[in-house]
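The following paragraphs offer a guided reading for someone meeting this structure for the first time. Please look over the sequence and the structure before reading on.

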Amino acid sequence: GDALMATGAVAALVVAMRGFPESVEAQIGCIDGLSFLVGTFWFDRLHEVAKTGAIGEILAAVQRHRKDPRMQARGLRALASYGRWPEHVKEVAGLDPLTVLRCARSAMERHTGHAEAAGAAMSVLSRYAQAPALNQDIVRHEIIRDGGLEMVKVVASSPSASAETKDLAAQLVRVVTPAA
């Protein structure tokens, strides 16, 4: 019963995302719904969620609505757990982790003073930098290129940064900074 209902709910949310791509409110509502379903009882069925195309729709919404900090926060939070996903789910989702990293950097640059968006971006960068399944040399390069590490420090020192964001930034700096 619950699984069948959740399958229909995920499919309906994906249809809504595809039907209203320009509506920030619709996209955020659908991402929140998907996050609720996966986070509440469906993480073990993430493969089925990936098959619906939901993951690609979330990334498309993040890319389409770069100027909206709420969208960046919700979408990036939903994509932050990618490094922990099983390989078969990653394959079905077809998500390019470098694209997500670039979206996170862009959100951090654009929304430095927005605690939720900057925190979500920091979460992506930190989690991806510590994901053993990803090529860490490529991830590290993507994070630190063009002043990325300095940007991480600026976000962490922002008065609006949460304790979690500051902790993630400290972890990230330790992970990506070469040992002396």
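Is D146 buried or exposed? D146 is exposed, because its relative accessible area is 66%; buried means under 20% relative accessible area, exposed over 50%, and partly exposed in between, with a 1.4 Å probe and protein chains only. The residue is placed in the loop between α9 (136-144) and α10 (148-157). Its phi is near 50 degrees, a positive value in a residue other than glycine. Most residues other than glycine have a negative phi.

Some notes on the basis of the description are in order. The model is predicted, so that local features need pLDDT of at least 70 and side-chain atom pairs count only at pLDDT 80 or more, while totals for chains, interfaces and linings use all residues. Residues are numbered from 1 along each chain as its sequence is written, and side-chain values use heavy atoms, with hydrogens and water left out.

The overall architecture comes next. The protein has 11 helices and 0 strands; helices (H or I, at least four residues) and strands (E, at least two) are DSSP runs, numbered from the N terminus. Along the sequence the pattern reads α-α-α-α-α-α-α-α-α-α-α. The C-alpha trace spans about 55 × 30 × 25 Å along its principal axes. For 180 residues, a compact globule would have a radius of gyration near 16 Å, and the protein agrees with this, having 16 Å. That radius is taken over C-alpha atoms, and the globule rule is 2.2 Å times the number of residues to the power 0.38.

Of the 180 residues, 47% count as buried. The exposed surface of the protein is about 8,500 Å², of which carbon and sulfur atoms supply 57%; such areas come from the Shrake-Rupley method with a 1.4 Å probe, and for residues only the protein chains shown count as cover. Contact means heavy atoms within 4.5 Å. Among contacts between residues at least 6 apart in sequence, 72% join residues at least 24 apart.

Residue L172, in helix α11 (residues 163-176), gives a local view of the interior. L172 counts as buried because its relative accessibility is 0%. Not counting residues up to four places away in sequence, L172 touches M122, L125, S126, A129, I143 and V152. One of these, S126, is 46 residues from L172 in sequence, yet their C-alpha atoms are 5.1 Å apart in space.

A second view begins with V14, in helix α1 (residues 2-19). V14 is buried, with a relative accessible area of 2%. Leaving aside neighbours within four places in sequence, V14 is in contact with T52, A54 and E57. The last of these, E57, is found in helix α4 (residues 54-64) and is also buried, because its relative accessible area is 15%. With the same neighbours left aside, E57 is in contact with V14, M17, R18 and Q27.

The cysteines remain to be considered. A disulfide is a pair of cysteine sulfur atoms within 2.5 Å, and by this rule the count comes to 0. Why does C30 form no such bond? The sulfur of C30 is 19 Å from the closest cysteine sulfur, in C103, which is too far for a bond. Both residues are nevertheless buried: C30 has 6% relative accessibility, and C103 has 2%.
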